[in-house]
Amino acid sequence: MAAPQQVPIRAAPLARALRTRVAAAATSSARSPEASQRALLGLSEPELRQLAVDLGQQSYRGKQLHDLLYKSRAKHIQDFSHVPKVFREALVGAGWKVGRSPVHHAVTASDGTTKILLKLEDNRLIETVGIPVDDDKGPSRLTACVSSQVGCPLRCSFCATGKGGFSRNLHAHEIVEQVLVLEEMFKHRVTNVVFMGMGEPMLNLKSVLEAHRCLNKELKIGQRMITISTVGVPNTIKMLASHKLQSTLAVSLHAPNQKLRETIVPSAKSYPLEALMDDCKNYFLETGRRVSFEYTLLAGINDAKEHAEELAELLRKCGGGYHVNLIPYNPIQGSEYKRPYRKVVQAFVDALEARKITVSVRQTRGLDANAACGQLKNEFQKNPLLESSPSSEPNLIPA
Ligand code: SF4
């Protein structure tokens, strides 16, 4: 469903916003950070039409650009054979580019899950993961797990990405292109997008919202098929709720009380659990979309029956409109945490279900050790991906 969105960049009058971009293009060097903001990918048809007019072309040339970007999937301006050479030259001269990055490496597990490393313009690597779900007739669903930052500053204790530090936020087109490259790799359209790759989306909300708009409007991925994940950044859930998107908010909880949570998620110190739960409740009331609470089960840390009971109580106070997604921890190199036994996971599920909490357990996939939320590794070179699926947890309930 198309809900109104108020992506900040679009608040400025269209012509002024575009002129600012073109003017910036004329004055900044090709390798500066601003260069990435001159990507055509991510722009809407009206913006592309305005750009065409600003470069001395007729408006319909902007529609042609739109088709080239989102239908033909052209990767370079020199591939824009449908538009006059003079327009292509004007685009290049003004510093515009398509905004696609080369694939640095890709690995596919035996279950089809594929992880791709994209090499960005500044040579940084980001990860994106495609997770196919097949039925009798072939692939029926393809989920893209996209990154929103290069690295992550939040340093959750169990997370490989956090351990690798933070480099920079991604621009909107660098998020959108992750979906495009997966569609090309799988030769199948992406049906679902989860912002659960590298980075904390709420720390890059402007680009995440711009990418969300593009994925929904230009690539026709339904808002309900998009999930935005967060460990919780003060004031941002309210901000997201104000956009009234029809997308799912996934909150990485990982503990049923503030004290334990602070040991697992250090950034929780600045966001009391009570305030986080209030904001989640508000998100549900504002959008009508239930919140998914992600809970990574760490053996001997947060996986006891008492923790499940405490979690049920916390959620009961939150009212309705939520779902719990349990993620048995996938150990990473150098981590002190361990994966819980299956019977412990089942006991946790039973304790929640006995208290009428809707719960699922994330199914282990071939690259899950690298592809789960916050466990995407930015250390690919040191830790090559598994080529085949590890055997564990055949009885887990699919998420
Ligand atoms: S779990 Fe998510 S928010 Fe936490 S450090 Fe990892 S990427 Fe960042």
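This is a short tour of the structure, stop by stop, with something to select at each one.

**Before you start**

Residues are numbered from 1 along each chain as its sequence is written. You're looking at a predicted model, where local features need pLDDT of at least 70 and side-chain atom pairs count only at pLDDT 80 or more, while totals for chains, interfaces and linings use all residues.

**The whole chain**

Show everything as a cartoon to begin with. The protein chain has 13 helices and 12 strands; these are DSSP runs numbered from the N terminus, with helices being H or I of at least four residues and strands E of at least two. Of its 399 residues, 45% count as buried. Here a residue is buried if 20 or more other C-beta atoms lie within 10 Å of its own, exposed if 12 or fewer, and partly exposed in between, with C-beta atoms placed from the backbone. Among contacts between residues at least 6 apart in sequence, 68% join residues at least 24 apart. Two residues are in contact if their C-beta atoms, placed from the backbone, lie within 7 Å.

**Stop 1: helices 2 and 3**

Select residues 45–54 for helix 2, then add residues 60–70 for helix 3. Two packed helices are described by the angle between their axes and the distance between the axes. For helix 2 and helix 3, the angle is about 130° and the axes are 7 Å apart. Axes are lines fitted to C-alpha atoms, for helices over the stretch in contact, and angles run from 0 to 180 degrees between N-to-C directions. Helix 2 and helix 3 are therefore oblique to each other. As for the cut-offs, angles under 35 degrees count as roughly parallel, over 145 as roughly antiparallel, 65 to 115 as roughly perpendicular and the rest as oblique.

Now show the side chains where they meet: Glu45, Leu48, Arg49, Gln50, Leu51 and Ala52 from helix 2, against Arg61, Gly62, Lys63, Leu65 and His66 from helix 3. This contact divides into 4 nonpolar, 3 polar and 4 charged residues. Ala, Val, Leu, Ile, Met, Phe, Trp, Tyr, Cys and Pro count as nonpolar, Asp, Glu, Lys and Arg as charged, and the others, Gly among them, as polar.

Zoom in on Lys63, in helix 3. Lys63 is partly exposed, with 15 other C-beta atoms within 10 Å. Setting aside neighbours within four places in sequence, Lys63 is in contact with Glu45 and Arg49. Try a distance label too: the C-alpha atoms of Lys63 and Ala52, 11 residues apart along the chain, are separated by 9.0 Å.

**Stop 2: Arg73**

Move along to Arg73, in the loop between helix 3 and helix 4 (85–93). Arg73 isn't a glycine, yet it has a positive phi of about 60°. It counts as partly exposed, with 15 C-beta neighbours inside 10 Å.

**Stop 3: helix 6**

Select residues 172–186: that's helix 6, with 15 residues and a reach of 22 Å from its first C-alpha to its last. How many of the residues of helix 6 are buried? The count is 11 of its 15, so call it mostly covered. Among them are His173, Glu174 and Gln178.

Pick out Val181, which is found in helix 6. Val181 counts as buried, with 21 C-beta neighbours inside 10 Å. Beyond its neighbours within four places in sequence, Val181 is in contact with Val103, Ile116, Leu118 and Thr128. Just after helix 6, look for Lys187, which takes a positive phi of about 50°.

**Stop 4: helix 7 alongside helix 6**

Keep helix 6 and add helix 7, residues 205–217. They pack at an angle of about 40°, with their axes 8 Å apart. That makes helix 6 oblique to helix 7. Ala172, Ile175, Val176 and Val179 in helix 6 meet Ser207, Val208, Glu210, Ala211, Cys214 and Leu215 in helix 7. By class, this contact has 8 nonpolar, 1 polar and 1 charged residues.

**Last stop: helices 11 and 12**

Finish with residues 305–318 (helix 11) and 342–353 (helix 12), which pack at about 30° with their axes 9 Å apart. That makes helix 11 roughly parallel to helix 12. Lys305, Ala308, Glu309, Leu311 and Ala312 in helix 11 meet Ala347, Phe348, Ala351 and Leu352 in helix 12. This contact divides into 7 nonpolar, no polar and 2 charged residues.

Terms used: Expected span 1.5 Å × (residues − 1).
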